[in-house]
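Let's walk through this one together, from the ligand out to the charged pairs. Keep the sequence and the 3D view side by side as you read.

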Amino acid sequence: MLTIRHLSKTYPDGTRALRDIDLDIPRGMFGLLGPNGAGKSTLMRTIATLQPPDRGSIQLDELDLLRQPQLTRRILGYLPQEFGVYPRMSATAMLDHLAVLKGVTSRGERRELVDHLLHQVNLWDVRHRKLGGFSGGMRQRLGIAQALIGQPRLIIADEPTAGLDPEERHRFLNLLADISERIVVILSTHIVQDVTDLCPQMAIIGQGQVLFSGRPKEAIEQLQGKVWRRQVPKEQLDAYRARLTILSTRLIAGQPLLHVLADQAPDDRFEAVQPDLEDVYFGRLWAHRPDPADRG
Ligand code: ADP
């Protein structure tokens, strides 16, 4: 279990990126969902001990991550948004090189490890190809392989699915889910579907605060009977916006389809819908939207 308490960070320019974050993250895949600027990367980098917070603690079982950064780095696999590669190297050579850097000095051991990782992330058949020719999805899978060197107990993936096509994204996430059976895997994303598909536990963050933490299923259940939909003429959208809590608008054949949060149908042309995680997400963001008085 990863336990985060009272984590705060204000950048020198006054941006309050993390405001007193408390989170309990169990083993398995944990989705950290939030819009751009919510503080996800700051939180990921802080957990990875790449930057210090102003205050707070992070504990993985008995290990105090912030006080023992050297030990932490040994049990941590970090996958950044875009895993940079040396374009002229092969996958085998790159993993071998990174294994050396991570302290696997025995050549035989390294060879065994690299072969195993290439199979695990399904890049065995392309192991001799130059990385410059790899697709985004292949590069991200190589990123997982590198994060797995050293048998980490904690894997942090910061928006790893940005830029992947649906098939690559699916493949990548399934691979991450397989790994997460035994260890803590934190997946930060602004894509609701990434979390819906695979994360038994999640948190929503906005403006540096935790807006929800728990099981997606439970959050969805709490919205039962409170989400309504209706297609409205485009020109009436602003009038609806002014009087209703609109969770989302989607254009269907050029006409907006509204999802509205309300205890009762706003009028008899609205119909009840089965809520989903997107409704939860936009509902939480709406409830914690910044006060217009704060916006300056
Ligand atoms: P996310 O990953 O959710 O998009 P970030 O953690 O990158 O969020 O950013 C949170 C807030 O902190 C944003 O307002 C961002 O502009 C700001 N921020 C991020 N890094 C820095 C930095 N190095 N210096 C100043 N502000 C930063």
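Before we get to a hairpin, a quick word on terms: helices and strands here are DSSP runs, numbered from the N terminus, and two strands pair if DSSP finds at least two bridges between them. Also keep in mind that this is a predicted model.

Start with the ligand. In this model, 13 residues surround it, and the closest are Gly37, Gly39, Lys40, Ser41 and Thr42. Which element gives the largest share of the shell around the ligand? That would be helix H1 (residues 40-47), which supplies 4 residues. Sort the shell by class and you get 4 nonpolar, 6 polar and 3 charged residues.

Now zoom in on the side chains that reach the ligand with polar atoms. Thr42 puts a polar side-chain atom 2.5 Å from a ligand oxygen. Lys40 does something similar, with a polar side-chain atom 2.9 Å from an oxygen atom of the ligand. Then there's Tyr11, where an N or O atom in the side chain sits 3.5 Å from a nitrogen atom of the ligand. How much of the ligand's accessible area does the protein cover? On its own the ligand has 560 Å² of accessible area, and the protein covers 63% of that.

Next, look at strand S1 (residues 2-10), which pairs with strand S4 (residues 55-60). That pairing is antiparallel and runs over 5 bridges. If you want a spot to find it on screen, go to Ser8, whose bridge partner in S4 is Arg55. S1 also pairs with strand S2 (residues 16-25), again in the antiparallel sense, this time over 6 bridges. Here a handy marker is Thr10, with Arg16 as its bridge partner in S2. The hairpin of S1 and S2 has 5 residues between the strands, and Gly14 takes a positive phi near 95 degrees there. While you're looking at strands, remember that in a regular strand the side chains alternate between the two faces of the sheet.

On to the charges. How many salt bridges turn up in a search of the whole structure? There are 11. One of them brings us back to the hairpin strands: the side chains of Asp24 and Arg5 meet at 3.0 Å, N to O. Asp24 is in strand S2 and Arg5 in strand S1, 19 residues apart, so this pair links distant parts of the chain. Buried or exposed, where do these two fall? Asp24 is partly exposed because its relative accessible area is 35%, and Arg5 is partly exposed too, at 30%.

Compare that with Asp64 and Arg67, whose side chains form a salt bridge at 3.5 Å, N to O. Asp64 counts as buried because its relative accessibility is 16% and the cut-off for buried is under 20%. Arg67, at 71%, counts as exposed, since exposed means over 50%.

A third pair is Asp194 with Arg169, meeting in a salt bridge at 2.6 Å, N to O. Asp194 belongs to helix H7 (residues 192-198) and Arg169 to helix H6 (residues 166-179), and the pair links distant parts of the chain, 25 residues apart. Both Asp194 and Arg169 are buried.

To finish the tour, find Asp61, Glu62 and Arg153, which are linked in a network of salt bridges.

Technical notes
Residues are numbered from 1 along each chain as its sequence is written. This is a predicted model: local features need pLDDT of at least 70, side-chain atom pairs count only at pLDDT 80 or more; totals for chains, interfaces and linings use all residues. Side-chain values use heavy atoms; hydrogens and water are left out. A residue is near a molecule or strand if one of its heavy atoms lies within 4 Å of it. A polar contact is a pair of N or O atoms within 3.5 Å; within protein, one must be able to donate a hydrogen and the other to accept it, and residues adjacent in sequence count only if both atoms are side-chain atoms. Accessible areas come from the Shrake-Rupley method with a 1.4 Å probe; for residues, only the protein chains shown count as cover. Helices (H or I, at least four residues) and strands (E, at least two) are DSSP runs, numbered from the N terminus. Ala, Val, Leu, Ile, Met, Phe, Trp, Tyr, Cys and Pro count as nonpolar, Asp, Glu, Lys and Arg as charged, and the others, Gly among them, as polar. A salt bridge is a side-chain nitrogen of Lys or Arg within 4 Å of a carboxyl oxygen of Asp or Glu. Buried means under 20% relative accessible area, exposed over 50%, partly exposed in between (1.4 Å probe, protein chains only).
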